[in-house]
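User: I would like to work through this protein model step by step, with the reasoning spelled out for each answer. Please keep to what can be read from the coordinates.

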Amino acid sequence: MSEPTTGVPQARPGEIAPDAVLPRRAIAEVRSPLSDGEWHRLHPLTPVLRGGLFLIVVTGFVVANLRDRIIALIFPGFDDWESYEQDPVDYVLTNNLVLVAGLVVLGVLLLLFAIFWLSWRFHTFRITGDDVEVRSGVFFRTHRRAPLDRVQGVNLTRPMVARLLGTAKLEVVGAGLDANVKLEYLSTANAEAVRADILRLASGRRLAEAQEARAGASGDAPGRTRAAAGIVSAGISGLIDGVDDADDLEPASVVHIPSGRLIASHLLSGSSLWLLALIGGVIAGAVFATPWILFTLVPMVIAFGAYWFRKITRALRYSIAPTRSGVRITFGLFTTITETLPPGRVHAVEVYQPVLWRRFGWWAIRVNRLSGRSASDSQALQQAEVLPVGTAADAVQVLRLLLPALDDDAIAALFADGLLGSARQPGDPFATTPRRARWLRPLSWRRNGALLAPPVLLLRHGVLRRTLVILPLARLQSARISQGPVDRALRLANLTGHTVLGPVSGSLGVIDRDDALDVWERTAAAVVSASAADRSHRWDASSEAVEKEETA
């Protein structure tokens, strides 16, 4: 989004209004000099990296037109190869236009350099105590701002070319569609430090420090005592442990996915079956001499194979680990993406198992969280997969990171009752589809059910594809109960928990009306209590400091 600066004296076109008139909160201690609240420029190679596609296209055009001459230079023995009649080099040499061609090439290079330099010169950013801001544009200025109290996460992306040049790009994920703010590109070291600073400023640590400072300045003796004790404790810890660089170190992953398992999981997926069907169609078309099949299916096979290959390479080098700023997820073979997901940013969790994985005991987990992108965006769907494939033990480890409010016994109950259980088992706690409606769910009516187990709402369904949806009550937007004409005749109802848009659906149908009404009423009351007690938006502050801030 483009946001005009209000309440600031307007500058002449091409100039920037003085920064001194913009009130900004003072910044606490940060690790990077780029987080000092002043305007800074990005890495000097940013225009080249952002315009890399254009350069590749130009280079490809030149190579395509001069390929015969290039081959002749590399392999002198093939000089007699047939060349193009309109070879531009021959034309320049024949008409004695070497000087003119050189000047034209030099002019184009100077023009590109000037465009790149202006683009870099007018592309600045700053990080204050309130938000992250980016200004760009030469003739048409754009000012984007991401408030720190609305930060949903910080992604660090390192494409292959950028990785070779030692650069990376940051994406501050905001709460809203197209609300993300990108810093592309920074050096890798600066990107890591700036990411840690943004997460620190977005957390409650600054809030706690401000509370302690106010308590000491107001003459509150207990507050001064706590502040002094904190300083002494921090000093002693620093002498013993050294400087705290926990956010700068790459934490060890709690899950390891072998490459063979990852490839096998894709081979045993439904998409692979479609690919095999397309290949069979191509073979049949070749055998029976049906050209229209070849012309239609061959491009589909190529596109599908490229998608399948890209999906596997994006999931390679996967790691997930806890940090002080949240859950850090890294994936990607060629383009490496590191996403830091702060606590309280997970709105829904889905654990599922396709039927072909059941023999191997594999599970996958995906989530709904605000990403600043459309729910159908390919990168948003990729980042929703927080566990591409793993064992039951791997799934437990990931659930512990994503749902810290659940203890080990609750997570064990999720597997026993939610993932593996059904109404066949005695003592099943889920409200399931009654017998009178089993014809509506002929295979899964015993598993189709809901359970309120604060602090989460559980929705279970599927037999061929076992699925358990976990909705944290503190993140639930609303709960809905509905009936259609068939539902009313059979005394059934549908239950829906609304969350942010994403691949995880919070809908469950065909359960007993009275059971659905009971779950819905208790969920509505539990959501209010869970939201009132939730402090996850201040994940690095003490509860006492949060309470003081909220009562101030």
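User: Which strand holds Tyr185, and which residue does a cis peptide bond join to Tyr185?

Analyst: In this predicted model, Tyr185 is found in strand E7, which covers residues 181–187. Most peptide bonds are trans. The bond between Glu184 and Tyr185 is cis, with omega about 15°. The strand asked for is therefore E7 by the DSSP runs, and the residue joined to Tyr185 by the cis bond is Glu184.

User: A cis peptide bond also joins Pro454 and Pro455; where does Pro455 lie?

Analyst: The bond that joins Pro454 and Pro455 is cis, and its omega is about 15°. Strand E15 spans 449–453 and strand E16 spans 456–461. Pro455 lies in the loop between E15 and E16.

User: Phi of Val510 has a positive value; is Val510 buried or exposed, and in which strand is it found?

Analyst: Most residues other than glycine have a negative phi. Phi of Val510 is nevertheless near 60°. With a relative accessible area of 6%, Val510 falls under the 20% cut-off and therefore counts as buried. The strand in which Val510 is found is E20.

User: Phi of Arg317 is positive as well; where does Arg317 lie?

Analyst: Arg317 is a residue other than glycine, and its phi is near 60°, a positive value. Arg317 lies in a loop, with helix H12 (291–315) on one side and strand E8 (319–323) on the other, so the location asked for is the loop between H12 and E8.

User: Helix H17 has 21 residues; how far apart are its end C-alpha atoms, and what span should they have?

Analyst: Helix H17 runs over residues 513–533, and the expected span follows from a value of 1.5 Å a residue. Because the expected span is 1.5 Å times one less than the number of residues, the helix should span 30 Å. The end C-alpha atoms agree with that expectation, being 30 Å apart.

User: Which residues of H17 are buried, and within what arc do they fall?

Analyst: Ala516, Val519, Thr523, Ala526, Val527 and Ala530 are the buried residues of H17. An α-helix has 3.6 residues a turn, so residues three or four places apart point the same way. Viewed down the axis of H17, the buried residues line one face of the helix, because they fall within an arc of 120°.

User: What covers the buried residues of H17, and which residues are exposed on the other side?

Analyst: The cover over the buried residues of H17 includes strands E15, E16, E18 (478–482), E19 (492–498) and E20 (507–512). On the other side of H17, the exposed residues are Val528 and Ala532.

User: With which residues does Asp514 form salt bridges, and is Asp514 buried or partly exposed?

Analyst: Asp514, in helix H17, pairs with Arg491, which is in the loop between helix H16 (485–490) and E19, so that the bridge links distant parts of the chain, 23 residues apart. The closest N and O atoms of Asp514 and Arg491 are 3.1 Å apart, whereas the salt bridge of Asp514 with Arg513 has an N to O distance of 3.6 Å. Relative accessibility is 39% for Asp514, 35% for Arg491 and 33% for Arg513. Asp514 therefore counts as partly exposed, and its partners are Arg491 and Arg513.

User: Which residue forms a salt bridge with Asp428, and are the two buried or exposed?

Analyst: The closest N and O atoms of this salt bridge are 3.0 Å apart. Asp428 is in the loop between helix H15 (408–419) and strand E14 (431–432), and its partner, 32 residues apart, is in strand E16. Both residues are buried, and the partner of Asp428 is Arg460.

User: Which helix gives the most residues to the nonpolar surface patch?

Analyst: The patch, of about 810 Å², is made by Leu45, Val48, Met160, Val161, Leu164, Leu165, Phe309, Leu333 and Phe334. Phe334 is found in the loop between strands E9 (326–331) and E10 (336–341), and its relative accessible area of 37% makes it partly exposed. The helix that gives the most, with three residues, is H6 (residues 160–164).

How values were computed:
Residues numbered from 1 in each chain as written. Predicted model: local features only at pLDDT ≥ 70, side-chain atom pairs only at ≥ 80, totals over all residues. Heavy atoms only, no water. Patch = residues over 30% accessible without salt bridge, like charges linked within 9 Å, V, L, I, M, F, W, Y side chains within 5 Å. Areas by Shrake-Rupley, 256 points an atom, 1.4 Å probe, with all protein chains shown as cover. Salt bridge = Lys/Arg side-chain N within 4 Å of Asp/Glu carboxyl O. Helix = DSSP H or I, 4+ residues; strand = E, 2+ residues; numbered from the N terminus. Buried < 20%, exposed > 50% of the residue type's maximum accessible area, 1.4 Å probe, protein only. Arc of directions from axis to C-beta. Contact = heavy atoms within 4.5 Å.
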